Amino acid sequence: MPTSVHVDVSTSKFSTRKAAHSGDGDVVLNGVMKSENLDDDPGLAKGKVRNRFRDHLTDLPILEAEYAQLGAGPANVIARYFFGKDIIITQTAIEPKFVAHCFIDPDWLGLMIPLRWRGDYVFNGVAANPYDVFVSEGSSGYAATGLDRETLSIAVRRAPLCATMQALRGNSSDPIRFFDQRMALGATNGPRFQKVLLSAIRTGTQIVRGEGQYVLSEAMESNLFDELGYLFLDQLDRGPPRDPGRIDTLRVVSAAKRALDEQRLASVSMSDLCAASGVGKTWLHKCFHEAYGCAPQAYLRAQRLTAARDRLLCPLAPPALIKEVALSLGFVNFGRFAADYRARFGENPSQTLRPQPSCT
């Protein structure tokens, strides 16, 4: 898949332009929600470990993403990728609390299936229940946040999915419209749908494309199109989602974050964010908590720390001085920056920039 990538190293922001390429099954232990379908899944032992979230997105139909690590812990993404011609499945695990706001290519539709999480997993301001499937139509992007989570995401091309749905219902004239929504499959339909996806993963590992990357067979991809077609047709019969207003939350936080980009993160104030998003401080706080699970100030600081780590790990242009990175992101007290960095990522900035050799 030919890809050209633009990375703004001053922020934790990823941007890419891609050329076309071909209840009964759940347990809660110590606050961890887990699907029993995972018990017979091979897991992520052969997944690719990436130490920057932006690197995880490189081969996916994501045009833009902004993200921040909100909690303490190792900042690694472990993932396996399963590529078909028109469907991409990604199995991902992230341990610390992490938030990402992603914008998918308009030719694609995104689905997110939480498999395991601790506390709350929130997608577009909606807390997940067991066997939920979240859909991102794409225009406003999607925001997901959670702690110690494992998810399956599906990117599917719209055109062949629409063609499949029209063929399944025997009517090719009626237009098909997708919505940002939560599909609550529940304990009746949820386990079966998850098993279909996990079966595709197990089958997909037979054809290796690269480290942590595999190829979906044509037969498996065709089966997945039928499954997704029936899933969306069932939702169409139920009518549009009743609570589309949550997308306004994403628009508010998106407007606030555009102000961050324009002011390079260093001189922004709450008044600036309120003016940019067109809301007062109370509503701005509500939107950030709903979408990201934290206050605007906490998000800004987490994004700056994450951006600093991305810059220190940049393989193409590693910085010469850590202090320059800190100052460029608005950290004027270098001692405070180093302490906050160590508390967030479990290592000093100097260790990130020049990893110490492991002892043998």
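Helices (H or I, at least four residues) and strands (E, at least two) are DSSP runs, numbered here from the N terminus. This is a predicted model, in which local features need pLDDT of at least 70 and side-chain atom pairs count only at pLDDT 80 or more, while totals for chains, interfaces and linings use all residues. Residues are numbered from 1 along each chain as its sequence is written, and side-chain values use heavy atoms, with hydrogens and water left out.

A cavity is a set of points, on a 1 Å grid over the protein atoms alone, where a 1.4 Å probe fits but cannot get out, and its lining residues have an atom within 4 Å of a point. Grid points are joined across faces, edges and corners, and a volume is the space filled by probe spheres set on the points.

| Cavity | Volume | Lining |
|---|---|---|
| Largest | about 350 Å³ | 27 residues |
| Second largest | about 100 Å³ | 15 residues |

In the largest cavity, His56, Cys102, Met112, Tyr142 and Ser153 lie nearest the centre, and strand 13 gives the most to the lining, with seven residues. In the second largest cavity, Phe53, Gln69, Ala75, Phe98 and Arg309 are the closest to the centre; strand 6 (62–69) and helix 8 (296–312) each supply at least two residues of its lining, and helix 8 gives the most, with three.

Contacts (heavy atoms within 4.5 Å) can also be followed from one residue: leaving aside its neighbours within four places in sequence, Leu224 is in contact with Ile87, Ile89, Val196, Leu197, Ala200 and Leu216.

Key
1 Å grid on protein atoms, 1.4 Å probe; cavity = no way out; pocket = protein on both sides within 12 Å on 5 of 7 lines; lining within 4 Å.
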